[in-house]
Amino acid sequence: MTNADTTTATTTTTTAAAGADWQAWQHSWDRQQEWYMPDREDRFRIMLDMVEALVGPAPRVLDLACGTGTITARLLARFPEATSTGVDLDPALLAIAEGTFAGDERVSFVTADLKDPDWPSKLPYDAYDAVLTATALHWLHAEPLADLYGRVAELVRDGGVFMNADHMIDDTTPRINAAERAQRHARMDAAKGEGALDWSEWWQLAAKDPALAGPTARRFEIYGEHADGEMPSAAWHARVLREKGFGEARPVWCSPSDTLLLAVK
Ligand SMILES: C[S@@+](CC[C@H](N)C(=O)[O-])C[C@H]1O[C@@H](n2cnc3c(N)ncnc32)[C@H](O)[C@@H]1O
């Protein structure tokens with residue numbers, strides 16, 4: 001299956017974007033995301049441990065809501081025989097991803113809205129060994145997310161895996177949640193005093209780079225500041241993934257605020 005929206009990293013870097021320092025943007029994106037999640041790299045390490053354990057060291061991966069291609073970068077650094085399709089809707093983050101992986105035949109990118117029921121038809125493959133995602137699906141409300149899980153279940157081959165690292169809130173523990181949140185935000189405030197960039201400030205910086213100004217304006221037309229969504233509990237994610245066709249689902253890592261949920265088909 002091929003589609004005009006599917007582009008290999010070899011061919012998609014635009015002329016306007018050719019001069020940008022993509023590695024600097026990757027680094028800056030990572031620092032911004034780590035301000036919210038200091039243990040972000042731990043999540044990726046365990047995610048790739050579980051990829052290796054369940055589908056081996058040369059998987060075909062779908063990097064779902066890939067952003068700048070964070071998961072793809074870590075995947076290929078650890079498993080050079082892997083291949084990856086990144087899918088996202090944000091033109092600015094996709095520009096950074098495409099610039100970063102230009103010339104790498106193992107990687108391709110697809111522009112699609114994960115709320116569009118037809119998005120899987122834009123992918124270059126019908127089936128994946130692993131569908132991996134991080135810090136993204138809380139941009140969706142529970143109902144569209146459950147629909148998305150149904151489509152993901154169809155894309156994962158039998159024996160393949162889905163993993164989602166994200167904020168997952170257990171509403172049955174309000175005092176724990178409040179205390180954890182207060183501590184996390186106090187630490188973020190302290191880091192801010194030392195110069196950490198938050199989400200809005202990072203986007204203001206992106207808008208000033210001639211290579212990203214156009215795509216950044218377009219992403220604000222698409223999303224506004226940030227899409228509205230929900231953060232259901234890990235138990236909700238595991239239950240819905242089983243209902244949608246996965247045989248097993250449970251957390252394989254968690255912090256006080258985040259969970260890495262693994263489902264096996
Ligand atoms: C905070 S970023 C995380 C990116 C990357 N996974 C990472 O960990 O750095 C959230 C991503 O989800 C993407 N996203 C949110 N809703 C989406 C949708 N409906 N369709 C496609 N991508 C979406 C955004 O465009 C953004 O790239």
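**Around Gly245, His167 and the ligand**

Gly245 sits in the loop that links α10 to β7. In this predicted model, the glycine comes after α10 and has a positive phi, near 130°. Because its relative accessible area is 43%, between the 20% limit for buried and the 50% limit for exposed, Gly245 is classed as partly exposed. Across space, the C-alpha of Gly245 is 9.7 Å from that of Ala263, a residue 18 places away in sequence.

The helix before this loop offers a good view of the packing. Helix α10 spans residues 234–243, and its buried residues are Ala234, Trp236, His237, Ala238, Val240 and Leu241. The cover over these side chains and backbone atoms is drawn from several parts of the chain, including helix α6 (142–155) and the strands β6 (156–167), β7 (248–254) and β8 (258–264).

Strand β6 brings the description to His167, which belongs to that strand. With a relative accessibility of 17%, His167 falls under the 20% limit and is therefore counted as buried. Beyond its neighbours within four places in sequence, His167 touches Met37, Thr135, His138, Met231, Pro232, Ser257 and Asp258. With one of these residues, Asp258, the contact is also polar: the two side chains meet at 2.9 Å. Another partner, Pro232, is 65 residues away along the chain, yet the two C-alpha atoms are separated by 8.3 Å.

Thr135, itself among the contacts of His167, lies in the loop between β5 and α6. Its phi is positive, about 50°, although the residue is not a glycine. Most residues other than glycine have a negative phi. Thr135 is buried as well, since its relative accessible area of 16% is under 20%. A second non-glycine residue with a positive phi is Ala65, where the angle is near 55°. Ala65 is found in the loop between β2 (60–64) and α4 (70–78).

Ala65 also leads to the ligand, as one of its backbone N or O atoms lies 3.1 Å from a ligand nitrogen. A nitrogen atom of the ligand is likewise 2.9 Å from a side-chain N or O atom of Asp113, and an oxygen atom of the ligand is 2.9 Å from a side-chain N or O atom of Arg40. The protein covers 98% of the 590 Å² of accessible area that the ligand has on its own. The shell comprises 19 residues, of which Trp29, Arg40, Asp88, Leu114 and Tyr223 come nearest. By character, the shell divides into 11 nonpolar, four polar and four charged residues.

Helix α9 (residues 213–223) contains Thr216. Thr216 has a relative accessible area of 2%, under the 20% limit, and so it is buried. Apart from neighbours within four places in sequence, its contacts are with Ala92, Trp203, Ala206 and Ala207.

A word on confidence completes the picture. The mean pLDDT of the protein chain is 92, with 93% of residues at 70 or more. Strand β5 (residues 128–134) has the highest mean among the elements, at 99, and helix α1 (residues 9–12) the lowest, at 39. Over residues 1–16, pLDDT stays under 50, and the model has 40 contacts beyond four places in sequence for this segment. Where pLDDT is low, the predicted coordinates should not be read in detail.

Note on methods. Residues numbered from 1 in each chain as written. Predicted model: local features only at pLDDT ≥ 70, side-chain atom pairs only at ≥ 80, totals over all residues. Heavy atoms only, no water. Near = heavy atom within 4 Å. Polar contact = N/O pair within 3.5 Å; in protein donor to acceptor, adjacent residues only side chain to side chain. Areas by Shrake-Rupley, 256 points an atom, 1.4 Å probe, with all protein chains shown as cover. Nonpolar A, V, L, I, M, F, W, Y, C, P; charged D, E, K, R; others polar. Buried < 20%, exposed > 50% of the residue type's maximum accessible area, 1.4 Å probe, protein only. Helix = DSSP H or I, 4+ residues; strand = E, 2+ residues; numbered from the N terminus. Contact = heavy atoms within 4.5 Å. pLDDT = per-residue confidence, 0-100.
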